[in-house]
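Biologist: Could we go through this structure together? I should like to begin with the cysteines and then turn to the core.

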Amino acid sequence: MAMVCLSDFEAYAKKYLPKIAWDFFAAGADDCSTRDENILAYKRIHFRPRMLRDVSMMDIRTKLLGTEISFPVGIAPTGFHQLAWPDGEKSTARAAKAMNICYIASTYSTCTLEEISAAAPGSLRWFQLYIHRNRAVSQQLVQQAEALGFQGLVLTADLPYTGKRRDDVRNGFRLPPHMQLKNLEGAFEVCKMSLSFHSPCWRVPHETKPLGNCCFSICCTQGVSSPLLILQHPGLTSCQHGFWLQNPMAASLQIDALVEVVEAVQGRVEVYLDGGIRKGSDVLKALALGAKCVFIGRPALWGLAYKVSKENHLNLVRNLEELAALFLLPVNREKRPNTKRVLL
């Protein structure tokens, strides 16, 4: 069957991945209502098209904190990529490099930071960090990532506790014996349903910010108060995060919160968004509402699972190409879309 859109990759992954792996990737917290609403939220936004415009020259390149990428989509941090494909995060990193976009490696990677770095040398890579109660573990990971050439640190702030992932509980989810969380080996006991991460507060960025040249980003800032706190820390950028481990109220949907965040920061930091992106038009809606770039999580995993082969990273590239090709309105990098082009 021809792969026409991201939902085709999703259907393939659901059919061929082991049930326990599919349930882990697909599920959200509790009844998954926010996960589902997050996707539907984009359908409630409509374009106001402009006719008789010169569209002979289109350029969808953009820059993330000064580094140019080929189009405003990156790969969000997700864990356990080897559940989708044995090469795991190494294939993901190769795909991101092939597309010249940003890949955010997860603390919960099943490949080491060294392996990810070696798989895609010279690529734009950031590292996502969970703050553990043992701060020495977190600090060691930050220093290691910077030494390996990761250009950015993404601090997850929306996980003071985890919601109940019902399918994982029913399945008794654990990583297979041959699979490890390589970056955390020997640091502390991992892969339990109840995580032991420290509840972040606003002294944490100062404690974990690298001493060198890494960019620094906060992931998740919903509503107005969080981004205003972020602005108290020079050099921070604001990022949205998917609802994999929590199931907040619908008022916290990313695309809804985006408008508030953009208005609050007034251009003083770059704003990114992830969660619910399934079409090129979704990307454009986020850009029109003020996001500098969006990041995709689950669709990248579907690409890894597609037709498992030694060239698997090319399948992920194809998945990303489908997303890039679905931009419905031309975008000029010098004249970014704006809210006048969408109807909320």
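Modeller: Certainly; please note that the model is predicted. For the cysteines, a disulfide is a pair of cysteine sulfur atoms within 2.5 Å.

Biologist: How many disulfides does that rule give?

Modeller: The count under this rule is 0 disulfides. Take Cys102: its nearest cysteine sulfur belongs to Cys293 and is 7.3 Å away, and Cys102 is in no disulfide.

Biologist: Is Cys102 buried or exposed?

Modeller: Cys102 is buried, its relative accessible area being 0%. Cys32 is buried as well, at a relative accessible area of 10%.

Biologist: Turning to the interior, which residues have the most contacts inside the largest nonpolar core?

Modeller: They are Phe80, Leu83, Phe127, Leu129, Ile255, Leu258 and Leu273, in a core of 67 residues. In soluble globular proteins, nonpolar side chains tend to be buried together.

Biologist: What is Phe127 in contact with, leaving aside neighbours within four places in sequence?

Modeller: Its contacts include Ile104, Leu113, Leu141, Phe150 and Val154, and also Ser106, Thr107 and Gly152. Apart from the largest core lies another one, of 11 residues, with Cys102, Leu124, Val154 and Phe295 among them.

Biologist: A change of topic: where does Lys19 lie?

Modeller: Lys19 lies in helix α2, which covers residues 19-26.

Biologist: Is that lysine, Lys19, buried or exposed?

Modeller: Lys19 is exposed, because its relative accessible area of 57% is over the 50% cut-off.

Biologist: What separates the C-alpha atoms of Lys19 and Asn171?

Modeller: A distance of 8.9 Å separates them, while along the chain Lys19 and Asn171 are 152 residues apart.

Note on methods. Residues numbered from 1 in each chain as written. Predicted model: local features only at pLDDT ≥ 70, side-chain atom pairs only at ≥ 80, totals over all residues. Heavy atoms only, no water. Buried < 20%, exposed > 50% of the residue type's maximum accessible area, 1.4 Å probe, protein only. Core = buried A, V, L, I, M, F, W, Y, C linked by side-chain atoms within 4.5 Å. Contact = heavy atoms within 4.5 Å. Helix = DSSP H or I, 4+ residues; strand = E, 2+ residues; numbered from the N terminus.
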